[in-house]
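Student: I should like to understand one part of this protein in detail, namely the pairing of its charged side chains. Please take me through that part step by step, and then place it in its surroundings.

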Amino acid sequence: MHVLKIEAEGAITSFRYPHFMQQVHPSFEMPPPATIYGHIASALGDYFDPDGVQFAYHFTFSGKATDLEHVMLLSAATGKLKGSGEPKVLEGNINPFKREWLFQPRLTLYINRPDWLPHFRSPRYTVVLGRSQDLFTYTSVKEMSLVKAEHVYLANTLLPYRTDWLTARGYTVLMPRFVDPNNKRHPTFARYTVLRGYADSQKDFFWVGSAQSQTYWVDPDTPARNHTQRGLIFHPFA
């Protein structure tokens with residue numbers, strides 16, 4: 001399988017739970033698929049058809065912290081500004097909240113579109129991951145070929161929701177999978193399993209029947225662990 005491999009890093013990032021609106025904004029511990037879609041679109045310079053595009057990633061961070069931020073809730077008020085003919089002025093209330101963010105995030109992203117290599121070597125827009133102020137930089141962008149293996153380790157990644165039925169490692173989350181730019185930014189959500197740390201594909205999973213004989217895509221350049229290398233699980237946007 002021929003893919004595009006992107007390695008990126010930043011100072012901080014935050015992936016807000018979309019259903020928390022007041023007081024506190026916790027962060028996902030992994031970037032949601034919708035965030036990955038936006039990141040790719042930023043490099044390409046435009047939205048792209050999600051059909052057929054798949055991604056896998058390895059994501060780590062060194063710690064968490066909480067900061068106090070605020071938003072200004074604006075409303076239109078009648079009246080005129082001095083020396084201005086404007087009929088209305090904007091008034092607002094400050095709404096403070098606690099924002100959770102991740103320190104020293106590191107992302108290794110795999111995309112089944114190696115032809116997008118030039119776009120990531122010269123991205124159209126500023127490279128960010130998460131919020132618009134969470135600046136990132138690419139440390140490596142290259143094409144590579146993955147290989148197949150029956151025994152791998154999985155590490156710090158996003159797994160399919162059904163994985164939760166097979167292992168005690170990880171936990172399930174509901175994440176935004178895709179935000180449709182052609183339908184008033186209508187969001188689509190999906191369940192996934194977040195894996196922090198490592199899991200052995202044979203020792204940490206409880207396989208049933210023929211599922212035990214499945215194979216995985218492997219990055220041959222990853223460090224070996226117990227004579228295995230890191231497996232990759234690819235996800236679609238659509």
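Tutor: Let us begin with D115, which counts as partly exposed because its relative accessibility is 44%. Please keep in mind that the model is a predicted one. The side chain of D115 meets that of R113 in a salt bridge, with 2.8 Å from N to O. R113 also counts as partly exposed, at 27% relative accessibility. Side chains of opposite charge can pair when their charged atoms come close. A search of the whole structure finds eleven salt bridges.

A second pair is formed by R169 and D204, whose closest N and O atoms are 3.4 Å apart. This pair links distant parts of the chain, 35 residues apart: R169 is in the loop between β10 and β11, while D204 is in the loop between β12 and β13. With a relative accessible area of 37%, R169 is partly exposed. Beyond these pairs there is also a network: E29, K64, E100 and R196 are joined by salt bridges that share partners.

Within that network, consider R196 and E29, which form a salt bridge with their closest N and O atoms 3.1 Å apart. R196 lies in strand β12 and E29 in the loop between β3 and α1, so the pair ties together parts that are 167 residues apart in sequence. How accessible are these two residues: buried, partly exposed or exposed? R196 has a relative accessibility of 37% and counts as partly exposed, whereas E29 has 14% and counts as buried. The reason for the latter is that a residue is called buried when its relative accessible area is under 20%.

Strand β12 holds another residue of interest, T193. Its relative accessible area is 0%, so T193 is buried. The side chain of T193 reaches the backbone oxygen of P160 at 3.3 Å.

The loop that carries E29 leads to helix α1. Ten of the twelve residues of α1 are buried, so the helix is largely enclosed by the rest of the structure. Among these buried residues are P33, I36, Y37, H39 and L44. At 1.5 Å a residue, α1 should span 16 Å, and its end C-alpha atoms are 17 Å apart, which agrees. Just after α1, G45 takes a positive phi of about 95°.

A further charged residue, K142, is placed in strand β8. It is partly exposed, with a relative accessible area of 31%. A polar contact of 3.5 Å joins the side chains of K142 and D221. Leaving aside residues up to four places away in sequence, K142 touches V3, L4, K5, L117, R121 and D221. The C-alpha atoms of K142 and P114 are separated by 8.2 Å, although these residues are 28 positions apart along the chain.

By way of contrast, there is a nonpolar patch on the surface, formed by M72, L74 and I94, with about 330 Å² of accessible area together. I94 is found in strand β6 and is exposed, with a relative accessible area of 58%.

Finally, consider the whole. The protein has two helices and 15 strands, and buried residues make up 42% of its 238 residues. Of the contacts with a separation of 6 or more, 76% are between residues 24 or more positions apart. The pair of R196 and E29, 167 residues apart, shows how parts distant in sequence are tied together.

Note on methods: Residues are numbered from 1 along each chain as its sequence is written. This is a predicted model: local features need pLDDT of at least 70, side-chain atom pairs count only at pLDDT 80 or more; totals for chains, interfaces and linings use all residues. Side-chain values use heavy atoms; hydrogens and water are left out. Patches are made of residues with over 30% relative accessible area and no salt bridge: like charges are joined within 9 Å, nonpolar side chains (Val, Leu, Ile, Met, Phe, Trp, Tyr) within 5 Å. Accessible areas come from the Shrake-Rupley method with a 1.4 Å probe; for residues, only the protein chains shown count as cover. A salt bridge is a side-chain nitrogen of Lys or Arg within 4 Å of a carboxyl oxygen of Asp or Glu. Helices (H or I, at least four residues) and strands (E, at least two) are DSSP runs, numbered from the N terminus. Buried means under 20% relative accessible area, exposed over 50%, partly exposed in between (1.4 Å probe, protein chains only). The expected span of a helix is 1.5 Å times one less than its number of residues. Contact means heavy atoms within 4.5 Å. A polar contact is a pair of N or O atoms within 3.5 Å; within protein, one must be able to donate a hydrogen and the other to accept it, and residues adjacent in sequence count only if both atoms are side-chain atoms.
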